[in-house]
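Please open the model in a viewer with the sequence panel visible. The tour proceeds by selections, each followed by a description of what is found there.

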Amino acid sequence: YFRELDELKRLVKEKEDWIKSLPSSVSDIQTLQITMDTCQKEVAHLMDLNPRIQKLTSECALLSNQAAAPHFLQEALDNLSSYWCLILQTLQRKQQQLQTDLSSVPSQQYLDEVQSLKNLLDETESKLPALSLLGAPGTVSAALQQTKA
């Protein structure tokens, strides 16, 4: 019973440590996607622990019914259950945050189009001084007069 309890605590602690190791914000879409995928796996793994916790609950009930059963059996199980729920909720909130972050990051196609437009504007701006000289009426007249002369 206690070996299983300790093992489950260790597994839940691993999930907590994983959450704590995450950077506070990520702007790179690829990193966001990888983190989101890993978070989904961590949530699934934590959910997979639930049957084991339920089995411990049954074992605890059996042990508690025995004469001279220690009072801390139920307390230890309650602590594990609370810890598991807390970390599960934290992971689910992180998963939701990552989903929101992913949906707010512009697509690569959008970024490529913006860069293309920026390049076009830069190119056009660099040609503006030459084009403005051609468009000034006095300059055009003077150039024509010089050509005729």
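Begin by selecting Cys-60, a buried residue whose relative accessible area is 0%. The model in view is a predicted one. Add Cys-39 to the selection: Cys-39 likewise counts as buried, at 0% relative accessibility. How many disulfides does the count give? The count comes to zero disulfides. For reference, a disulfide is a covalent bond between the sulfur atoms of two cysteines.

**The whole chain**

Now clear the selection and display the chain as a cartoon. Six helices and zero strands make up its secondary structure. Read from the N terminus on, the order of elements is α-α-α-α-α-α. Colouring by accessibility is a useful next view: of the 149 residues in the chain, 22% are buried. With the surface switched on, the chain exposes about 10500 Å², and carbon and sulfur atoms supply 57% of that area. Contacts may be considered at this scale too. Among those between residues at least 6 apart in sequence, 85% join residues at least 24 apart.

**The aromatic cluster**

Next, select Tyr-1, Phe-2 and Phe-72, which ring pairs link into a cluster. How many aromatic pairs does a search of the whole structure find? The search finds two. In one of them, the ring centres of Tyr-1 and Phe-2 are 5.1 Å apart and the planes stand at 85 degrees, so this pair is edge-to-face. Planes over 60 degrees apart are counted in that class.

Keep Phe-2 selected; this residue is partly exposed, at 36% relative accessibility. Turn the view so that Phe-72 is visible beside Phe-2. The centres of these two rings lie 5.9 Å apart with their planes at 40 degrees, so the pair is tilted. Which parts of the chain does this pair tie together? Phe-2 belongs to helix 1 (residues 2-21) and Phe-72 to helix 4 (residues 72-104), so the parts joined are 70 residues apart in sequence. Phe-72 itself is partly exposed, with a relative accessible area of 40%.

**Salt bridges along helix 1**

Select charged side chains next; the salt-bridge count comes to nine. The tour visits several of them in turn.

Start with Glu-7 and Arg-10, whose side chains form a salt bridge at 2.6 Å, N to O. Both residues lie in helix 1, three residues apart, or about one turn of the helix. Glu-7 is partly exposed at 28% relative accessibility, and Arg-10 is also partly exposed, at 39%.

Move along helix 1 to Lys-13 and Glu-16, which are three residues apart, about one turn of the helix. Their side chains meet in a salt bridge of 3.8 Å, N to O. Is each partner buried or partly exposed? Lys-13 counts as partly exposed, at 35% relative accessibility, whereas Glu-16 is buried, with a relative accessible area of 17%. The reason for the latter label is that buried means under 20% relative accessible area.

Leave Glu-16 selected and add Lys-20. The two residues form a salt bridge in which the closest N and O atoms are 3.5 Å apart. Lys-20 and Glu-16 are both in helix 1, four residues apart, about one turn of the helix. Lys-20 counts as exposed, at 59% relative accessibility. Extend the selection to Asp-17 in order to see the network: salt bridges with shared partners join Lys-13, Glu-16, Asp-17 and Lys-20.

**A nonpolar patch on the surface**

For the final stop, select Tyr-110, Leu-111 and Val-114 and show their surface. These residues make a nonpolar surface patch of about 280 Å². In which helix is Leu-111 found? Leu-111 is found in helix 5, which covers residues 108-135. At 38% relative accessibility, Leu-111 counts as partly exposed.

Conventions:
Residues numbered from 1 in each chain as written. Predicted model: local features only at pLDDT ≥ 70, side-chain atom pairs only at ≥ 80, totals over all residues. Heavy atoms only, no water. Phe/Tyr/Trp six-rings, centres within 6.5 Å; stacked < 30°, edge-to-face > 60°. Buried < 20%, exposed > 50% of the residue type's maximum accessible area, 1.4 Å probe, protein only. Helix = DSSP H or I, 4+ residues; strand = E, 2+ residues; numbered from the N terminus. Salt bridge = Lys/Arg side-chain N within 4 Å of Asp/Glu carboxyl O. Patch = residues over 30% accessible without salt bridge, like charges linked within 9 Å, V, L, I, M, F, W, Y side chains within 5 Å. Areas by Shrake-Rupley, 256 points an atom, 1.4 Å probe, with all protein chains shown as cover. Disulfide = S-S within 2.5 Å. Contact = heavy atoms within 4.5 Å.
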